[in-house]
Amino acid sequence: MEPLHPAPVVRRHRRALQLCFAIPGLSLATWVTRTPDVRDRLGASTAEMGLVLFGMSIGSMLGILVAGALVARFATRPVILAGMGLVPAGVGTAALGAATASAPAVAAGLAFIGAGIGLSEVASNVDGALVEGEFGRPVLPALHGCYSLGTVIGACLGVAGAVVGLPVSWHLTATLLLAAGLFACAVPGLRPGLGRAEPDPGAPPRGAGPGAGGSRGHRLLLDPRLLMIGGVVFGVTLAEGAATDWLPLLMVDGHGMPTGLGSAVYAGFAATMAVGRFAGGPVVTRFGRPAVLGTGALLTAAGIALVSFVDVPAAAACAVLLWGLGTSLGFPLALSAAGESGPDTTARIALASRIGYVALLAGPPLLGFLGEHRGLRAAMLPVMLLMLLAAVLSPATARDGAARRGRSRWQRPGLRNG
């Protein structure tokens, strides 16, 4: 099937989504690259830093749990606006906490960031799937590439700030202003009305019948293929989240690197993620989604194993590149697979997004508690095992029988501008 030629309004919407994906990456990377300095400023142990990170987990849980219902009720645009407004507010609160050495304030700022990401990213992924259908070719990998590009920019700025000794609070404040400016540029391009749940003609009234209300979610949870795809999503996003939250400290505490070099290793991880996502389209076209996901999961597992077991800092730094490259395409490809796995595309993408963001934001703090007792290098081993499981489950992400018989996924119904 030849690619579609979308209208200018659709292209503007894609550009707006590129910014909406980049802003959370920029904000998170800014925080991540300064975690060693924040830890020292707060005088916190590894376990206490895990508690601080739980602020982000709590916020993300709340945002993720309500995002799907809010999108169905109000459409994606208001949910994206609310979420993107919370992200810079959280950065500002975290900056205040760092300036006053207040762990509760830092945790509160992370809660705002987590809630904002939970709301905006679920809605943005739904929008991305809709725009993908309008373009007639994959769009989600490149959108997630923008998230990674944001992390690269944030990580580079973080490395520079750490090297020159810029106070954390000043650094976070500058990031807040940058994020707010990018957000203002994105708002005009977001179209209203997308993703809102509308009953099909002849369908039972909302609130009645087997597909209504909570029964829809229960029905999706009983879908074996969607559950296997959810397992892939959980593994790949936990691997990404573990690197996002712990790589600088893992390099500093686990391999004895200076703070600036530990942040630079994370910047290399983020850059590899961005390259993999922007360049991955032709690879997926050539080898297929299950093969790319399975191979990527094995690369990630190998990278984590080298970081955990090889006591050579230079080798660990190189292994991080395997970690980033292997993880890069996992989340966007698994989301596309979830959307194709059956009817009610928006609900399926929302469920897979919830699984992913729970792993991304709630899993790493639990690794911190394990790292307190076993060390951060050993704490990464459960992530390695989950990536091996993701490799085993990757065949579930194959297209359905219609797609295998040559029917393009872009001809399938289900993505509509509600």
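A residue counts as buried when its relative accessible area is under 20%. Ala-75, at 0% relative accessibility, therefore counts as buried. Keep that cut-off in mind for what follows, and bear in mind that this is a predicted model. The chain comes to 17 helices and zero strands, so this briefing is about how some of those helices pack and where a handful of residues sit within them.

**The chain as a whole**

- There are 418 residues in the chain, and 56% of them count as buried.
- Take the contacts between residues at least 6 apart in sequence: 85% of these join residues at least 24 apart.
- The accessible surface adds up to about 15900 Å², with 69% of that belonging to carbon and sulfur atoms.

**H3 against H5**

- Helix H3 covers residues 46-74 and helix H5 covers residues 103-135; their axes come within 6 Å and cross at roughly 25 degrees.
- With a crossing angle like that, H3 is roughly parallel to H5, since angles under 35 degrees get that label.
- The crossing of H3 over H5 is right-handed.
- Sorted by class, this contact has 18 nonpolar residues, seven polar ones and no charged ones.

**H4 against H7**

- Helix H4 (residues 76-100) packs with helix H7 (residues 168-186) at an angle of about 165 degrees, and the two axes are 8 Å apart.
- That angle makes H4 roughly antiparallel to H7, the cut-off for that label being over 145 degrees.
- Here the crossing is left-handed.
- On the H4 side, the residues taking part include Leu-81, Met-84, Gly-85, Pro-88 and Val-91. Among their counterparts in H7 are Val-168, Leu-172, Leu-176 and Phe-183.
- By class, the H4 and H7 contact splits into twelve nonpolar, five polar and no charged residues.

**H1 against H6**

- Helix H1 (residues 8-33) and H6 pack at about 35 degrees, with their axes 6 Å apart.
- H1 passes H6 in a right-handed crossing.
- From H1, the contact draws on residues including Arg-14, Leu-17, Phe-21, Leu-28 and Thr-33. From H6, it draws on Leu-143, His-144, Tyr-147, Ile-153 and Val-159, among others.
- The class tally for this pair is 13 nonpolar, nine polar and one charged.

**Val-159, on H6**

- Val-159 belongs to helix H6, which spans residues 140-164.
- With a relative accessible area of 16%, Val-159 is buried.
- Setting aside residues up to four places away in sequence, Val-159 touches Thr-33, Gly-260, Ser-263 and Ala-264. Thr-33 is one of the H1 residues in the contact with H6.
- Val-159 and Tyr-266 are 107 residues apart along the chain, yet their C-alpha atoms are separated by 9.2 Å.

**Leu-226, on H9**

- Leu-226 sits in helix H9 (residues 224-255).
- Its relative accessible area is 4%, so Leu-226 is buried.
- Not counting neighbours within four places in sequence, Leu-226 is in contact with Leu-220, Ala-338, Ser-341, Arg-348 and Leu-351.
- Leu-226 also has Ala-337 at 8.6 Å, C-alpha to C-alpha, with their positions 111 residues apart in sequence.

**Gly-114, on H5**

- Gly-114 is found in helix H5, the helix that packs with H3.
- Gly-114 is buried, its relative accessible area being 0%.
- Gly-114 and Leu-28 lie 86 residues apart in sequence and 9.5 Å apart in space, taken C-alpha to C-alpha. Leu-28 is also one of the H1 residues that meet H6.

**Two alanines with positive phi**

- Ala-75 lies in the loop between H3 and H4. Phi of Ala-75 is near 80 degrees, a positive value in a residue other than glycine.
- Ala-101 is in the loop between H4 and H5. Ala-101 also has a positive phi, of about 55 degrees, although it is not a glycine.
- Are these two loop residues buried or exposed to some degree? Ala-75 counts as buried at 0% relative accessibility, whereas Ala-101 is partly exposed, with a relative accessible area of 37%.

Notes
Residues are numbered from 1 along each chain as its sequence is written. This is a predicted model: local features need pLDDT of at least 70, side-chain atom pairs count only at pLDDT 80 or more; totals for chains, interfaces and linings use all residues. Side-chain values use heavy atoms; hydrogens and water are left out. Axes are lines fitted to C-alpha atoms, for helices over the stretch in contact, and angles run from 0 to 180 degrees between N-to-C directions. Helices (H or I, at least four residues) and strands (E, at least two) are DSSP runs, numbered from the N terminus. Angles under 35 degrees count as roughly parallel, over 145 as roughly antiparallel, 65 to 115 as roughly perpendicular and the rest as oblique. A crossing is left-handed if the near helix is turned anticlockwise from the far one by less than a right angle, and right-handed if clockwise. Ala, Val, Leu, Ile, Met, Phe, Trp, Tyr, Cys and Pro count as nonpolar, Asp, Glu, Lys and Arg as charged, and the others, Gly among them, as polar. Buried means under 20% relative accessible area, exposed over 50%, partly exposed in between (1.4 Å probe, protein chains only). Contact means heavy atoms within 4.5 Å. Accessible areas come from the Shrake-Rupley method with a 1.4 Å probe; for residues, only the protein chains shown count as cover.
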